[in-house]
Amino acid sequence: MTESRDKKILDGTEGLAVYLRYLDETAPDLFLAKDLRDERISVPGDPGPEGKGEKLLEDRELALGTVREAASACTLCSLSATRTHVVFGEGNPQAALMFVGEGPGADEDATGRPFVGRAGELLTKMIAAMGYARTDVYIANVVKCRPPGNRVPEDHERHSCLPYLKQQISLVSPRAIVLLGQTAAASLLGSGGGISRLRGKETRIAGLPGIRVMPTYHPAYLLRNPSAKADVWEDLKQVMAWLGKERP
Ligand code: SF4
């Protein structure tokens, strides 16, 4: 990419969205903001480099705000035509733990916030059972706009949207990520395996060897299949052990 093209596409938020996609296509394993990732701070028992915490938090909030702004104006896929709100994600920009779901549903589309419907209530309970508040963790989805009728996002929609999620992961730089459901697992692990086969086993995302990843069932699946809650709890207990978190 030439310098003049660099400048042109970085003009405006739409330009940033295109730029993120360009980076994803040309270097799919490259997660950005390495400078921030290398200086991860503020996780339990790991206060980070002395004197750098406040500045890094500011940097992360600023960077996440820029990516959020790009997503809020995004028209890279057809889901932009039917959305009410872009649901970017929310939570602690320095979270040790991140949850990634599939995409917004009706409640999320109406409010602009992730996981606020019935499945969201269950996720909040799962987070509490782990000893965290929602504000302690970071929550995002693979696609930021609601697929009509809550259908599974199509491949081109996931592909268009993934650069935003990769930026979120890179900037938050969590110690652990819980992938909620098949779409999140397939999108970030590139695995065609079903979630029932993937769940419960620690894995990694290409390009991010330092983040421990646990695929598990989506809360919406648990609402339909309550007996699977025991499996999810086993998965979450593994994540708690990674983070040195005692059961509350
Ligand atoms: S789903 Fe993602 S890529 Fe598609 S319009 Fe929304 S923000 Fe853009």
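Okay, contacts along the chain. If you take contacts between residues at least 6 apart in sequence, 70% of them join residues at least 24 apart. Keep in mind that this is a predicted model. The protein has eleven helices and six strands, and of its 248 residues, 42% are buried.

Let me give you two examples of residues that sit apart in sequence. Take Gly-101, in strand S2. From Gly-101 to Val-178 you count 77 residues in sequence, but the C-alpha to C-alpha distance is 8.7 Å. Gly-101 is buried, because 28 other C-beta atoms lie within 10 Å and 20 are enough to qualify. And what does Gly-101 touch, leaving out residues up to four places away in sequence? The list is Pro-114, Phe-115, Asn-141, Leu-180, Gly-181, Ala-184 and His-218.

The second example is Leu-222, in helix H10. Leu-222 and Ala-119 are 103 residues apart in sequence, and their C-alpha atoms are 8.3 Å apart. Leu-222 counts as buried too, with 21 C-beta neighbours inside 10 Å. Setting aside neighbours within four places in sequence, its contacts are Leu-122, Tyr-217, Ala-228, Lys-229 and Val-232.

Now the core. The largest nonpolar core has 56 residues, and the ones touching the most other members are Met-98, Phe-99, Val-100, Val-137, Ile-177 and Leu-179. Which helix gives the most to this core? That's H7, with six residues. Let's zoom in on Ile-177: not counting residues up to four places away in sequence, Ile-177 touches Met-98, Val-100, Ile-169, Ile-211 and Val-213.

H7 turns up again at the ligand. Helix H7, residues 155–172, gives the most to the shell around the ligand, with three residues. There are 14 residues around the ligand, and Cys-74, Cys-77, Ser-80, Cys-145 and Cys-161 come nearest. By type, the shell splits into nine nonpolar, three polar and two charged residues.

On to the helices, beginning with H6. H6 has twelve residues and reaches 17 Å from its first C-alpha to its last, close to the 16 Å expected at 1.5 Å a residue. Which residues of H6 are buried? Those are Ala-119, Gly-120, Leu-123, Met-126 and Ile-127. They're on the same side of H6, because they cover an arc of only 115 degrees around the axis. Over on the other side of H6, Lys-125 and Ala-128 are exposed. As for what covers the buried residues of H6, that includes strand S2 (97–101), helix H10 (219–224) and helix H11 (229–243). So you can picture our two examples here: Gly-101 is in S2 and Leu-222 is in H10. Just after H6 comes Gly-131, with a positive phi of about 95 degrees.

H8 is another story. In helix H8, residues 182–189, seven of the eight residues are buried, so it's mostly covered. The buried ones are Gln-182, Thr-183, Ala-184, Ala-185, Ala-186, Ser-187 and Leu-188. They pack against S2, H7, S4, helix H9 (195–198), strand S5 (203–205) and strand S6 (208–216). One contact we've already met fits in here: Gly-101 touches Ala-184. After H8 you get Gly-190, with a positive phi near 65 degrees.

Then H11. It has 15 residues, which should span 21 Å at 1.5 Å a residue, and its end C-alpha atoms are 21 Å apart, so that agrees. Just after H11, Gly-244 takes a positive phi of about 65 degrees.

Last topic: positive phi outside glycine. Phe-115 isn't a glycine, yet its phi is positive, about 50 degrees. Where is Phe-115? In the loop between helix H5 (106–111) and helix H6 (118–129). Is Phe-115 buried or exposed? Buried, with 28 other C-beta atoms within 10 Å. Phe-115 is also one of the residues that Gly-101 touches.

Ser-173 is a residue other than glycine as well, with a positive phi near 55 degrees. Ser-173 lies in the loop between H7 and strand S4 (176–180). It counts as buried, given 28 C-beta neighbours inside 10 Å.

Terms used. Residues numbered from 1 in each chain as written. Predicted model: local features only at pLDDT ≥ 70, side-chain atom pairs only at ≥ 80, totals over all residues. Near = placed C-beta within 6 Å. Helix = DSSP H or I, 4+ residues; strand = E, 2+ residues; numbered from the N terminus. Nonpolar A, V, L, I, M, F, W, Y, C, P; charged D, E, K, R; others polar. Buried ≥ 20, exposed ≤ 12 C-beta atoms within 10 Å, placed from the backbone. Contact = placed C-beta atoms within 7 Å. Core = buried A, V, L, I, M, F, W, Y, C linked by C-beta atoms within 7 Å. Expected span 1.5 Å × (residues − 1). Arc of directions from axis to C-beta.
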